[in-house]
Amino acid sequence: MTGASSGIGRATARALASRGFHVLVSCRRASDARAVAAEIVALVGDDARATAMPGMDLAELKEINATAEACASEKLNLNLRVVACCAGVMACEHRVVGRGKDARETDAAVNAIGTSRLISAILHSRSEKRYHHREHLRVVCVGSFTHRAVTREEFVEWLDRTDATSSSTATTSTTRPPTAFTPAGAYACSKLAATMRAFVTHASWSPSACSVSVVVADPGLVDTRINREWPPSLRRFYVFVARLLGLLSSPSQGADAVLHACFVPPSALGDVAGYVYGANGARVRPSTLATDDAKLRDRVCAMTFAPPPSGGYAAW
């Protein structure tokens, strides 16, 4: 469970533990993971229901690979059933994270690239260890309805900017370029990329002997800390208007969408990844841009690809 320190991730971790799952709690800071794991133990009264993972920054490939290897560790002997990717960010300023060729703007790094690399690393590590006899693995990615507002031209420009950032040696700039996307626009593009990658992952892995399926969970508008970088007055206004219109859900209601995505029967998916919306888990289709543009899909796959560590994932 990524993004488990607060919001949808924390609520989903608690809900899965209450249903009998042993939850691996992953946060950017290890101290946050330990706090949430202790909270889960206090909630369910069973210290076998939560394990705090080492801190993982989704902008750091080394930490991603280490987490993936831990999830597939024979020492832990886990029967991994669900990978729920709830970590997300909406940056309010131009901020580059990562180093060298892995340098990206924050939204792209966390919401799309880091999440996709973590999923790929876990699947490849699991495959290398020949866990084919184990039960079906469900991968859930938290998406956003905002991806539907992105046009092809906007997405191409965002991909160009993301590729250009990785070619730059500047890694600490916080001045938003004059042609930069708005925070909402960059966030929407990153969620479109994540949705594209989820559908590719499902198509690549679902027919395999590893028994994997992918579902995107779109929780709608949820009152979380994802907009924590907004000016306080703007955030208060947003919360007030969203509540007034009856559009804002609580984190536990947002977690319901993730739970629906966790338990969609694999037989109901076939060759196409699932997409569920809202607390009731309505099955809907993402935008056609997310599923039907092969050229852009190839660019997203190239952007999110990372070679395995030297010696394979088992070397970690």
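1. Thr 115, Ser 116, Ile 119, Cys 141, Ala 194, Arg 197, Ala 198, Thr 201 and Val 214 make up the lining of the second largest cavity. Two elements, α4 (106-128) and α6 (183-205), each give two or more residues to this lining, and α6 contributes the most, with four residues. By character, the lining residues divide into five nonpolar, three polar and one charged. It should be kept in mind throughout that this is a predicted model.

2. As for its volume, the second largest cavity holds about 60 Å³ of space, and the structure as a whole contains six cavities of 30 Å³ or more.

3. The helix α6, which gives the most to the lining of that cavity, deserves a paragraph of its own. Of its 23 residues, 19 are buried, so that α6 is described as mostly covered. Its length is also in order: at 1.5 Å a residue the 23 residues of α6 should span 33 Å, and the end C-alpha atoms are 33 Å apart, which agrees with that expectation.

4. Turning to the open spaces, the largest pocket has a volume of about 1,200 Å³. Its lining consists of 48 residues, and those that lie nearest the centre of the pocket are Gly 88, Val 89, Met 90, Ile 226 and Arg 228. Among the elements, α1, α4 and α6 each supply at least two residues of this lining, while the lining residues divide into 22 nonpolar, 16 polar and 10 charged.

5. The second largest pocket has a volume of about 370 Å³. It is lined by 22 residues, of which Met 1, His 22, Leu 24, Leu 80 and Val 82 are the closest to its centre. At least two lining residues come from each of β1, α3 (61-71), β3 (82-85) and α4, and β3 gives the most, with three residues. The lining of the second largest pocket divides into 15 nonpolar residues, six polar and one charged. The helix α4 therefore recurs in this note, since it supplies at least two residues to the lining of the largest pocket, at least two to that of the second largest pocket, and two or more to that of the second largest cavity.

6. On the aromatic side chains, the count comes to three pairs. One of them joins Phe 21 and Phe 263 in a tilted arrangement, with 6.0 Å from centre to centre and 45° between the planes. Phe 21 lies in the loop between α1 (7-18) and β1 (23-25), and Phe 263 in the loop between α8 (251-262) and β8 (274-277), so the pair ties together parts that are 242 residues apart in sequence. Both rings belong to partly exposed residues, Phe 21 having a relative accessible area of 22% and Phe 263 a relative accessibility of 38%.

7. Another of the pairs is formed by Trp 230 and Tyr 238, whose ring centres are 5.1 Å apart; because their planes stand at 70°, and over 60 degrees is the cut-off, the pair counts as edge-to-face. Trp 230 has a relative accessibility of 17% and so counts as buried, given that the limit is under 20%.

8. A last contact involves a charge and a ring, for the charged end of Arg 148 sits over the ring of Tyr 275, at 5.6 Å from the centre of that ring.

Note on methods
Residues numbered from 1 in each chain as written. Predicted model: local features only at pLDDT ≥ 70, side-chain atom pairs only at ≥ 80, totals over all residues. Heavy atoms only, no water. Phe/Tyr/Trp six-rings, centres within 6.5 Å; stacked < 30°, edge-to-face > 60°. Buried < 20%, exposed > 50% of the residue type's maximum accessible area, 1.4 Å probe, protein only. Lys NZ or Arg CZ within 6 Å of the ring centre and 35° of its normal. 1 Å grid on protein atoms, 1.4 Å probe; cavity = no way out; pocket = protein on both sides within 12 Å on 5 of 7 lines; lining within 4 Å. Points joined across faces, edges and corners; volume = space filled by probe spheres on them. Nonpolar A, V, L, I, M, F, W, Y, C, P; charged D, E, K, R; others polar. Expected span 1.5 Å × (residues − 1).
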